[in-house]
Amino acid sequence: MKRRLSALAVAALATLASAMPISAFTPQSSAASHALAWLHTLQSADGTVAGSASRTEDTVLGLVANGQAVTSFASAGKTPMDSLRSHIADEEKTAGNIGGLIMAVSAAGLSPANFAARNLLQDLACTYDASTGAYNSQLFNDALAVLALPVGAAPAKAVAFLKDRQLSDGGWEFSATWGSDSNTTAVVVLALVSANGMTAVVKERVLAYFHLQQEVSGGFEYATGSPDSDPNSDAAVIQALLALGEDPTGTAWTITGKNAVSDLLTFQFENGGLGFSRPGSSQTAAPDSLSTTQALAALASKYLPVKRTEGAMPSTCPSVPTATPAPTQPPPQLATTGAPPSPAPLIPAIVGIAMVALGWGLRKRAR
């Protein structure tokens, strides 16, 4: 009897192991710790990182992905979670905002159903449009919402909404008529994987798309026609490949000895921060919080949501749904919304666009 139980246990473990995503490459722990040390210098007295709720969330996800305690990252006794509690109103503007907050709260081991006197799951549920299957009309924001849902909670129509918007080249676009980009594609991949919505056909097409976006540096460009790879795109695609069971450092994703992980490291400065431009590439090249926070999970060989949300999604919305604000024009380094410019100037203008994740930390969210 004992032998039979042992055999069953071994078989169960083997089945479980085959279903788990691999940690494809050795975590770049030293680079991540150096990056976090630089981010700590940008933390304000209320716990906020780089003056941004999104950067604060990404830092939480990065800390957890790299096995570091969120409580250890504090300024004047205030942690990133203290900051998120005190700035809760800024985090409830769109479904993408709420999704990012839920992922950070869950990663920190707290309950999103009771955070800062809010039920964040209820707030997210109130953004869902059952007639379309969308939490937000912008795919990046919508994917962040789906990525934050508890296991098995994604409505079938929400999964179909994302899956059906895969373009002919295998990618997804941030906003209608913009064309595919690697960042939006990556976060949609993460959302579909988390919602058990990835199919063999969709996977084959998206892998082909990623191959087309890989540069000779081994890294990934934002979109076809971008002048070079960038750290945000590297971090985003690394996470997506991991979620799909691919090894970003394997032979399939290596060009003349270079891959996305090695390319990502070329954007790190001596002080630990990562910048959109490589050190020494220009006199103005400098680290920035966006590139740094979004690299953290990828450096850990992890992908969003880092820790799955627990709890049950409310089936009804008793309150007024969270409104999706009219498209606005955010700073150049963030994703733009509204009417896109002509294709020619579009690529240089948005090549620095972020992703979630999560963060994609990977945050192209309208604020």
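Against which helices do the buried residues of H10 pack? This tour starts there. The model is a predicted one, in which local features need pLDDT of at least 70 and side-chain atom pairs count only at pLDDT 80 or more, while totals for chains, interfaces and linings use all residues. Residues are numbered from 1 along each chain as its sequence is written, and side-chain values use heavy atoms, with hydrogens and water left out.

**Stop 1: helix H10**

Select residues 200–212, which make up helix H10; helices (H or I, at least four residues) and strands (E, at least two) are DSSP runs, numbered from the N terminus. H10 has 13 residues and reaches 19 Å from its first C-alpha to its last, close to the 18 Å expected at 1.5 Å a residue, where the expected span is 1.5 Å times one less than the number of residues. Colour Val202, Val206, Leu207, Tyr209 and Phe210, which are buried; buried means under 20% relative accessible area, exposed over 50%, and partly exposed in between, with a 1.4 Å probe and protein chains only. These buried residues lie on the same side of H10, because they cover an arc of only 160 degrees around the axis, the arc being that of the directions from the helix axis to the C-beta atoms. Their packing partners are helix H8 (156–163), helix H9 (182–194) and helix H11 (231–243), with contact meaning heavy atoms within 4.5 Å. Turn to the face of H10 directed away from its buried side, and the exposed residues Ala200, Val201, Glu204 and Leu212 appear.

**Stop 2: aromatic rings**

From H10, keep Tyr209 and Phe210 selected and add Phe220 and Trp253, since these four form one aromatic cluster. Rings of Phe, Tyr and Trp (its six-membered ring) pair if their centres lie within 6.5 Å, and planes under 30 degrees apart count as stacked, over 60 as edge-to-face and the rest as tilted. By this rule the count comes to six aromatic pairs. For the rings of Tyr128 and Tyr135, the centres are 4.7 Å apart and the planes stand at 40 degrees, so the pair is tilted. Tyr128 is partly exposed at 24% relative accessible area, whereas Tyr135 is buried at 5%.

**Stop 3: Ser217**

Move next to the loop between H10 and H11, where Ser217 is placed; this residue is buried, with a relative accessible area of 14%. Its side chain makes polar contacts with the side chain of Ser229 at 3.1 Å and with that of Asp263 at 3.3 Å. A polar contact is a pair of N or O atoms within 3.5 Å; within protein, one must be able to donate a hydrogen and the other to accept it, and residues adjacent in sequence count only if both atoms are side-chain atoms.

**Stop 4: the disulfide**

Select Cys126 and Cys317, which a disulfide joins with an S to S distance of 1.9 Å, the criterion being a pair of cysteine sulfur atoms within 2.5 Å. The pair links distant parts of the chain, 191 residues apart, with Cys126 in the loop between H6 and H7 and Cys317 in the loop between H13 and H14. Cys126 is buried at 4% relative accessible area, while Cys317 is partly exposed at 32%.

**Stop 5: backbone details**

The loop between H13 and H14 also holds Pro305, and the peptide bond from Leu304 to Pro305 is cis, with omega near 15 degrees. Finally, select Thr177 in the loop between H8 and H9, where phi is positive at about 80 degrees although the residue is not a glycine.
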